[in-house]
Amino acid sequence: MLKEITTERAVFATKIGAVATTVGSAVGLGNIWRFPYEAGVHGGGAFMICYLSFVFILGVPLLIAEFVMGRGTRANVFGAYRKLRPASHWNLFGILGIIASLLIISFYAVVAGWTAEFCLASLSGQLEFASEEARHEGFMTFTSGSNSVVWTLIFLAFNFMILIGGVTKGIERASNILMPIFFLLLLAFCINSFFMPGFGEGMKYLFYPDFSKISPSVILGALGQAFFSLSLGLGCMMTYASYFSDKNRLGKTAVTTAFLDTLVAILAGIIIFPAVFSFNLSPEAGPTLVFEVLPHIFYQLPGGMIWSTLFFLLLFLASLTSTVSMSEISISYFSEEKGMSRSRATALSAFISLVGALLCAFSFGFLSEVTFFGKNFFNLFDYLSSNIALPLGGMGCSIFVGWFVKRKFIKDQLTDFGTFKFRLLNILIFFLRWFCPAAIFLIFLNSLGIL
Ligand code: PHE
């Protein structure tokens with residue numbers, strides 16, 4: 001299946017494999033865990049409308065820009081900037097992306113560890129018998145205890161093992177099979193939501209936009225969520241595109257990725273919010289929201305334990321396909337720019353992630369009092385990467401491709417050197433030059449209270 005090209009860089013073997021892998025990176029905790037909690041904290045429908053707009057008017061053009069840079073240069077994020085503009089400082093955006101990827105893995109691994117713990121707790125029936133209070137208490141004790149640290153480490157070990165085995169084969173195969181199963185499972189839970197007493201209220205909360213709730217923090221939060229969920233702004237999609245074959249239609253892949261990723265987030269919302277209102281929980285619970293709501297849903301179904309185990313297992317695996325893509329950013333940088341062997345590069349990336357992940361895991365324990373601007377390590381890493389670094393990286397990439405990459409280069413990438421048509425080139429370039437950077441800049445000003 002795996003095909004090597006002359007430059008010795010791996011290539012995703014099939015077109016469908018490339019799309020599945022890209023979707024595998026995009027779909028993960030961002031959709032199932034982060035989207036409902038952010039939507040809940042930021043007022044539901046108001047957040048949703050901003051999020052959807054950002055995915056399609058900013059996310060899609062920026063995804064295409066990353067794809068063009070990655071596939072066109074066949075390089076890591078730093079190398080892509082360097083190759084296109086040697087002797088300039090643009091590659092600092094590459095460095096920013098690499099730092100962001102390591103920050104994200106740090107808190108992501110902690111949450112992925114929770115999914116593993118929940119998977120096992122479902123299997124042993126622990127989640128079923130706990131009362132509502134006991135479940136809440138249990139979750140708090142778990143996140144603040146050493147258990148959570150152990151699970152974080154286990155998750156990172158899995159991540160490491162997949163990566164050390166090479167880029168594509170394992171990831172590609174796993175994504176091809178698991179993502180469709182996960183999708184079907186989500187659909188089944190959505191159907192179940194229709195029958196919940198809180199369905200109407202949940203839907204209204206999620207989809208009815210109360211415009212008075214749109215504030216700078218809602219807008220910035222939605223922007224960060226759109227970038228986070230699409231794995232955008234840090235060179236992840238650029239790195240993956242560097243493994244695409246020449247035949248891949250970049251425009252189509254971008255639209256498909258954005259569509260499927262958003263669909264999964266919406267499905268997660270349809271699963272979570274009706275349950276929140278049916279069981280009288282608060283939508284504003286924050287990062288623990290999904291972990292407190294889901295067991296309620298599973299255990300009123302026949303065979304709850306099986307549903308629960310399966311769900312958390314697949315979520316764990318979906319998280320792995322995302323962290324593998326995040327890790328690939330720094331690994332390809334260390335190996336291609338710093339001349340390290342792939343295994344050394346993988347070990348170094350794993351080590352940095354490990355240190356970061358420990359800081360985040362202990363944020364729920366003895367480091368909970370260590371805060372910066374009122375945020376512990378976990379929240380700080382999340383905020384700095386999702387709300388600052390990713391939009392900033394996206395803005396840089398947009399300006400770079402819009403203004404400094406030759407039009408012919410972009411066109412060749414989008415049309416496979418003239419093999420097929422890409423009709424929206426002018427609009428794309430307009431968006432990359434003006435619209436996307438300006439929109440992101442204005443959102444930043446707005447969130448600083450300047451606008
Ligand atoms: N998009 C992934 C998710 O939704 C997270 C991610 C962010 C992956 C950045 C790669 C890079 O879970």
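## Exercises: a ligand site and a surface patch

Of the 16 residues around the ligand, those that come nearest are Ala26, Gly30, Tyr108, Phe228 and Ser231. The model is predicted.

**Exercise 1.** Find which atom of Ala26 and which atom of Ser231 lie close to N or O atoms of the ligand.

*Solution.*
- Step 1. Take Ala26. One of its backbone N or O atoms lies 2.7 Å from a ligand oxygen.
- Step 2. Take Ser231. Here a polar side-chain atom lies 3.0 Å from a nitrogen atom of the ligand.
- Step 3. Add Ser229. A backbone N or O atom of Ser229 lies 3.0 Å from a nitrogen atom of the ligand.
- Step 4. Check the cover. On its own the ligand has 320 Å² of accessible area, and the protein covers 100% of it.

**Exercise 2.** Work out which residues make the nonpolar surface patch, and which elements give two or more of them.

*Solution.*
- Step 1. List the residues. Ile57, Trp403, Phe404, Phe430, Trp434 and Phe435 make a nonpolar surface patch of about 590 Å².
- Step 2. Place them. The elements giving two or more residues are α17 (377–404) and α19 (425–447).
- Step 3. Find the largest share. It comes from α19, with three residues.

**Exercise 3.** Decide whether Phe404 is buried, partly exposed or exposed.

*Solution.*
- Step 1. Locate the residue. Phe404 is found in helix α17.
- Step 2. Read its relative accessible area, which is 33%.
- Step 3. Apply the cut-offs. Buried means under 20%, and exposed means over 50%.
- Step 4. Conclude. At 33%, Phe404 lies in between, so Phe404 is partly exposed.

Notes
Residues are numbered from 1 along each chain as its sequence is written. This is a predicted model: local features need pLDDT of at least 70, side-chain atom pairs count only at pLDDT 80 or more; totals for chains, interfaces and linings use all residues. Side-chain values use heavy atoms; hydrogens and water are left out. Patches are made of residues with over 30% relative accessible area and no salt bridge: like charges are joined within 9 Å, nonpolar side chains (Val, Leu, Ile, Met, Phe, Trp, Tyr) within 5 Å. Accessible areas come from the Shrake-Rupley method with a 1.4 Å probe; for residues, only the protein chains shown count as cover. A salt bridge is a side-chain nitrogen of Lys or Arg within 4 Å of a carboxyl oxygen of Asp or Glu. Helices (H or I, at least four residues) and strands (E, at least two) are DSSP runs, numbered from the N terminus. Buried means under 20% relative accessible area, exposed over 50%, partly exposed in between (1.4 Å probe, protein chains only). A residue is near a molecule or strand if one of its heavy atoms lies within 4 Å of it. A polar contact is a pair of N or O atoms within 3.5 Å; within protein, one must be able to donate a hydrogen and the other to accept it, and residues adjacent in sequence count only if both atoms are side-chain atoms.
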